[in-house]
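This briefing covers the nonpolar cores, one loop proline and a nonpolar surface patch.

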Amino acid sequence: MDDQNKNLILAIALSSLVLLGWMYFFPPPEVPPAPEVQATETASADGPVSTPSAAVAADAATNQPAEEASVSDAPRVNIESDRLTGSISLQGGRLDDLALKDYRVTIDAPDIVQFLSPVGEQGAYYALYGWAPGSGLAAEDVPGANTLWTAPAGAELTPDSPVTLTWDNGKGLTFNRTIAVDEDYMFAITQSVTNGTGDTVSLAPYGTLARHGEPADLKNFFILHEGIVGMTDGELTELDYSDVADFEIDPRDGSRSEIKQVEGDGWIGFTDHYWMSTLIPAPGQAFRSSAKYDERRNIYQTDVVLPTMTLAAGETSEVTTQLFSGAKEWATIRAYEKGGIAGFLDSIDWGWFFFLTKPIFAVLHFLHGLIGNMGWAIIALTVLIKILVFPLAYKSYASMAKMKELQPEMEKLKERAGDDRQKQQKEIMELYKREKVNPAAGCLPILIQIPIFFSLYKVIFVTLELRHAPFFGPFQDLSAPDPTSLLNLFGLLPFNGPAPDSIMALVFIGILPLLLGISMWLQQKLNPAPTDPTQQMIFAWMPWVFMFMLGGFASGLVVYWIANNTITFSQQYLIMRSHGYKPDVFGNIKASVKRKPKAGKE
């Protein structure tokens, strides 16, 4: 490998090192909480109300008086399925209590994840449904956030038993809301109204997701999107909480909002690291979606407002929408997308390299189902990736072996050229051309490896399936850093090592980062050290710098890199041997640890 080739590899490696170091030591700063704004009187929409706007519906949904703090005392209907538990408050008919049975808060704790929570609790997060009044109706004529609904005695929402809530406004309008839930995380909400007033009325159904303040467990990490996610006629929208807080103020209700018209298919909601709630109108249904932030009460909100319905006397009308509220499981969300929810799989944050992250995870998911262990599935995925890029790797390592054979002749060319660098480079390039050697071929596997590495990093960090996924022994969560350490004798002693975010964890790294450093070091020893002293020093330190740098990364990613290094070492060794070059691994190791004589001594 000539000096130019070494410089190119060195530049790529150092660029990766700088990027990884920046990600580790300088994560993006936490977004400061929005400033508290003194509450003012609620603004109302101006102009006619014959065609309710998104602002009117949103105002009806969340301009709630102080008495809403008593919502926890209102009657409730239990929710129970194999995967969910919680309740519906009859005050507002709000779905505001939901826990996920399959997921624990931490790997060692028995507490399951509490997802939705009612007003009055920290981080209140809930779904509301209602009707915005049109011509002939006032706000008190339609159900809103604090309407007290009735339910049949002993009603319980299960996959086999939907629940119907009823409210009569006392003026001739009867409202029903039927809530159903499937075996996973999808609710179907059917809203109906019967007009017994004797007059024609108009009103618009809406759904709202409201979140009081930012989530307490917000990661604020640039590789992960948390906030509002939505689909508008095939266009994906991702808004951080800070983005919503920067919207222009809507003079109609005083909130910061953005409104979009959806002509056919779409949905909108909130996404967390592993969980999501999404409002989903029926496929093909036109609607208006809005994302908004009320500074006065520190409430983030997404709304779906359907077209206005006009009901003649004696007429009944109904509309059904869906609410996804649960875990972002790839298989579950994929099944809903196949069932008609356009682009729903994009609610998982696949990132800019989606063309790599999507297929990588699909294969990883398949291998996990086949093998039953996520750690071994990552290793199997590594083997498949190396098989796919093997033709390129073969050419690369064959070219490197050929260059090793040409090394003596290249040294002679350098001696003949002396200090004439231009002549030296010209003769070397003629030698490459004559011997049909590509000097850049050795860099191609590294160039391919970088996007694959970052795509797999994205997959491991973002996807739920890696959360609390065990490998073996002490490695019971592949989405977390290696739990072993020298302090607990690499998992042999019955206590945990240093906290992952502590300085001690950076120093006393686990066994997986150590294996990573050793595998990188051995891979280097397939070739003699560079003759340039600076390059030699950088290459000598690089495996150990990466070892400490990746000590705090997800252990699943480190498993991938160890497997990749091991396979790469084997491939390169065998290919170079097959082309007549015999890598002197032990000789190169011996040369690297041999002490150099001091100046002036032989």
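The points below are grouped by topic.

The model is predicted: local features need pLDDT of at least 70, side-chain atom pairs count only at pLDDT 80 or more, and totals for chains, interfaces and linings use all residues. Residues are numbered from 1 along each chain as its sequence is written, and side-chain values use heavy atoms, with hydrogens and water left out.

**Nonpolar cores**
- The largest nonpolar core (buried Ala, Val, Leu, Ile, Met, Phe, Trp, Tyr and Cys residues joined through side-chain atoms within 4.5 Å; buried is under 20% relative accessible area, exposed over 50%, partly exposed in between, with a 1.4 Å probe and protein chains only) has 114 residues.
- Helix α10 (residues 444-462) supplies the largest share of this core, eight residues; helices (H or I, at least four residues) and strands (E, at least two) are DSSP runs numbered from the N terminus.
- Another core, of seven residues, lies apart from it and includes Val119 and Tyr126.
- Phe187 and Phe344 have the most contacts inside the largest core.
- Not counting residues up to four places away in sequence, Phe344 touches (heavy atoms within 4.5 Å) Trp267, Phe324 and Tyr336, among others.

**Pro307**
- Pro307 sits in the loop between β17 (299-305) and β18 (309-311).
- Pro307 counts as partly exposed because its relative accessibility is 42%.
- Beyond four places in sequence, the contacts of Pro307 are Ala204, Pro205, Gln285 and Ala286.
- The C-alpha atoms of Pro307 and Ala286 are 7.3 Å apart, with their positions 21 residues apart along the chain.

**Around Phe353**
- Phe353 lies in the loop between α4 (330-338) and α5 (354-371).
- Phe353 is partly exposed, because its relative accessible area is 36%.
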